[in-house]
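Hi,

Here's the structure I promised to send over. Have a look first, and my notes on it follow below.

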Amino acid sequence: MKELFQHTAITDGLTVRVAVNFLPEQSRIEAGKWFWVYHIRIENGTDRTLQLMTRHWRITDGNGEVSTVEGEGVVGEQPMLQPGASHDYVSGCPLSTPHGSMEGHYTFRRGDGSLFQTLIPFFPLAAPATAG
């Protein structure tokens, strides 16, 4: 699993794994646009059914400029995770610099209606030196 997902965070039995790749074919370096795709796997290691309600991202570019992205669910879904289940999704991040980073948290709802946050691990966004 470590070979596929380079970054991992575990919070109260929920594991969030991230694999990130630079996409030169989606980037327009001559126009100052770099693009990464990231694959997230969320694994429910608890004995409760959990629903992913919201996401919160902190995206930092190579100049130290920070932007936040918040919203319901992930890629248009608010998945339910049964005990032992996992949910995968893929999304992307454009930057105006060849380097940056992402990190954040998800808010989940338990069956009793209570909410809790789980960490999304910090991961770097780094284009190869040949890409700008």
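Let's start with the aromatics: Tyr38, Trp57 and Phe123 come together as one aromatic cluster. Keep in mind that this is a predicted model.

Across the structure there are 6 aromatic pairs. One of them is Trp57 with Phe123, an edge-to-face pair with the ring centres 6.0 Å apart and 90° between the planes. Trp57 sits in strand E4 (residues 50–61) and Phe123 in strand E9 (residues 115–126), so this pair ties together parts that are 66 residues apart in sequence.

Are those two rings buried or exposed? Trp57 has a relative accessible area of 2%, so it counts as buried, because the cut-off for buried is under 20%. Phe123 is buried as well, at 0% relative accessibility.

Another pair to look at is Tyr106 with Phe108: the ring centres are 6.4 Å apart and the planes are at 85°, so this one is edge-to-face. Both Tyr106 and Phe108 are buried.

Back to Trp57, then. Which residues does it touch, leaving aside those up to four places away in sequence? Among them are Tyr38 and Phe123 from the cluster, plus Tyr106, Tyr89, Ile40, Val69, Met102 and Ile120. Ser67, Thr68, Glu103 and Gly104 are on the contact list too. As for Ser67, it is 10 residues from Trp57 in sequence, and the C-alpha to C-alpha distance between them is 8.1 Å.

If you open the model, I'd begin at Trp57 and work outwards from there.

Cheers

Key: Residues numbered from 1 in each chain as written. Predicted model: local features only at pLDDT ≥ 70, side-chain atom pairs only at ≥ 80, totals over all residues. Heavy atoms only, no water. Buried < 20%, exposed > 50% of the residue type's maximum accessible area, 1.4 Å probe, protein only. Contact = heavy atoms within 4.5 Å. Phe/Tyr/Trp six-rings, centres within 6.5 Å; stacked < 30°, edge-to-face > 60°. Helix = DSSP H or I, 4+ residues; strand = E, 2+ residues; numbered from the N terminus.
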